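The following exercises concern helix packing, buried residues and backbone geometry. Please work through each task before reading its solution.

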Amino acid sequence: MKKIQLAVFDMAGTTVNEDNVVYKTVRAALAKYGVEVSLNTVLEFGAGKEKFKAIADILKETRIENVDPNAVFQEFKKMLEEAYANLNVTTYDGVEELFKILKSKGVKVVLNTGYDQKTAQSLLNKLGWVPGEQIDALITADDVVKGRPSSEMIDKAMEMFKITESENVLKAGDSVIDIEEGKNANCGWTVGVLTGAQTRQQLATAEPTLILDSLANLAETLFP
């Protein structure tokens with residue numbers, strides 16, 4: 001079995017339970033511009049992506065041509081700030097225990113996300129998570145040129161902790177785009193979880209190493 005030196009976890013839907021508020025807000029922002037789509041459509045075409053790209057891709061996939069994605073994105077950012085101000089954010093059962101186990105085994109724990117730095121930091125603040133304590137680092141869409149499914153965020157995490165072999169890296173997330181990101185970085189493990197955006201059938205299309213009901217089951221898989 002490959003030795004894991006670095007584990008990179010997506011945030012919303014994977015380690016952080018924010019009740020899909022970001023994707024609900026994307027949907028609401030689109031509705032303000034007369035674009036009515038289901039939450040499932042938003043998740044199918046937008047899950048895991050940097051949010052401007054998510055909005056642009058949803059408009060493209062639903063063949064809406066007369067709406068400016070940047071205008072929707074600016075509206076989305078305003079609406080999200082308001083939504084987050086009153087949001088109760090929790091972590092999923094077993095996630096903090098998993099982080100402790102990984103760190104006890106010498107594995108670096110990094111969170112990465114398609115959110116901007118401000119949004120991601122607000123989630124960490126609500127959870128009381130601090131880089132250097134519960135996690136080793138946070139990497140956001142603001143830290144890279146290309147968002148997922150580019151490997152840039154994982155490449156940055158490897159560089160940060162001087163890890164040279166990508167087969168010693170695990171990437172876990174709740175969307176196909178997370179799995180594609182891990183594969184593009186040549187990660188030794190790609191793990192889909194069912195706590196967030198997409199179904200087992202959707203995740204299976206990206207052919208991850210394994211699909212788990214939640215991250216609570218990961219430690220026993222890695223360290224039987």
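**Exercise 1. Determine what phi Gly48 takes, and describe the residues that surround this point in the chain.**

Step 1. Gly48 comes just after helix 2 and takes a positive phi of about 85°. Helices here are DSSP runs of H or I with at least four residues, strands are runs of E with at least two, and both are numbered from the N terminus. The model is a predicted one, in which local features need pLDDT of at least 70 and side-chain atom pairs count only at pLDDT 80 or more, while totals for chains, interfaces and linings use all residues. Residues are numbered from 1 along each chain as its sequence is written, and side-chain values use heavy atoms, with hydrogens and water left out.

Step 2. Lys49 belongs to the loop between helix 2 and helix 3. Lys49 is buried, at a relative accessible area of 13%; buried means under 20%, exposed over 50% and partly exposed in between, with a 1.4 Å probe and protein chains only.

Step 3. Beyond its neighbours within four places in sequence, Lys49 is in contact (heavy atoms within 4.5 Å) with Ala54, Asp57, Gly114 and Ile177.

**Exercise 2. Establish how helix 2 and helix 3 are arranged, and which residues make the contact.**

Step 1. Helix 2 covers residues 39–46 and helix 3 residues 51–61; their axes are 9 Å apart and the packing angle is about 115°. Axes are lines fitted to C-alpha atoms, for helices over the stretch in contact, and angles run from 0 to 180 degrees between N-to-C directions.

Step 2. The two helices are therefore roughly perpendicular to each other. The classes are roughly parallel for angles under 35 degrees, roughly antiparallel over 145, roughly perpendicular from 65 to 115, and oblique for the rest.

Step 3. Helix 2 passes helix 3 in a right-handed crossing. A crossing is right-handed if the near helix is turned clockwise from the far one by less than a right angle, and left-handed if anticlockwise.

Step 4. Helix 2 supplies Val42, Phe45 and Gly46 to this contact, and helix 3 supplies Ala54, Asp57, Ile58 and Glu61. By class, the contact of helix 2 with helix 3 has four nonpolar, one polar and two charged residues. Ala, Val, Leu, Ile, Met, Phe, Trp, Tyr, Cys and Pro count as nonpolar, Asp, Glu, Lys and Arg as charged, and the others, Gly among them, as polar.

Step 5. Thr41, Val42, Leu43, Phe45 and Gly46 are the buried residues of helix 2, and they pack against helix 1 and helix 3.

**Exercise 3. Describe how helix 4 packs with helix 1 and with helix 3.**

Step 1. The axes of helix 1 (residues 21–32) and helix 4 (residues 69–85) come within 9 Å and cross at roughly 135°. Helix 1 and helix 4 are therefore oblique to each other, and their crossing is right-handed.

Step 2. From helix 1, Val21, Val22, Thr25, Val26, Ala28, Ala29, Leu30 and Lys32 meet Val72, Glu75, Phe76, Met79, Leu80, Ala83 and Tyr84 of helix 4. This contact of helix 1 with helix 4 divides into twelve nonpolar, one polar and two charged residues.

Step 3. For helix 3 and helix 4, the axes come within 9 Å and the crossing angle is roughly 130°. That makes helix 3 oblique to helix 4.

Step 4. Lys51, Phe52, Ile55, Ala56 and Leu59 of helix 3 meet Pro69, Asn70, Val72, Phe73 and Phe76 of helix 4.

**Exercise 4. Is Val110 buried or exposed, and which residues does Val110 touch?**

Step 1. Val110 is found in strand 4 (residues 108–112). With a relative accessible area of 0%, Val110 is buried.

Step 2. Not counting residues up to four places away in sequence, Val110 touches Leu6, Ala7, Val8, Phe9, Ala137, Ile139, Ala157 and Phe161.

**Exercise 5. Which peptide bond is cis, and what is the phi of Asp19?**

Step 1. Most residues other than glycine have a negative phi, and most peptide bonds are trans.

Step 2. The peptide bond from Arg148 to Pro149 is cis, with omega near 10°. Pro149 is found in the loop between strand 5 (137–139) and helix 7 (152–160).

Step 3. Asp19, a residue other than glycine, has a positive phi near 55°. Asp19 lies in the loop between strand 2 (16–17) and helix 1 and counts as exposed at 52% relative accessibility.
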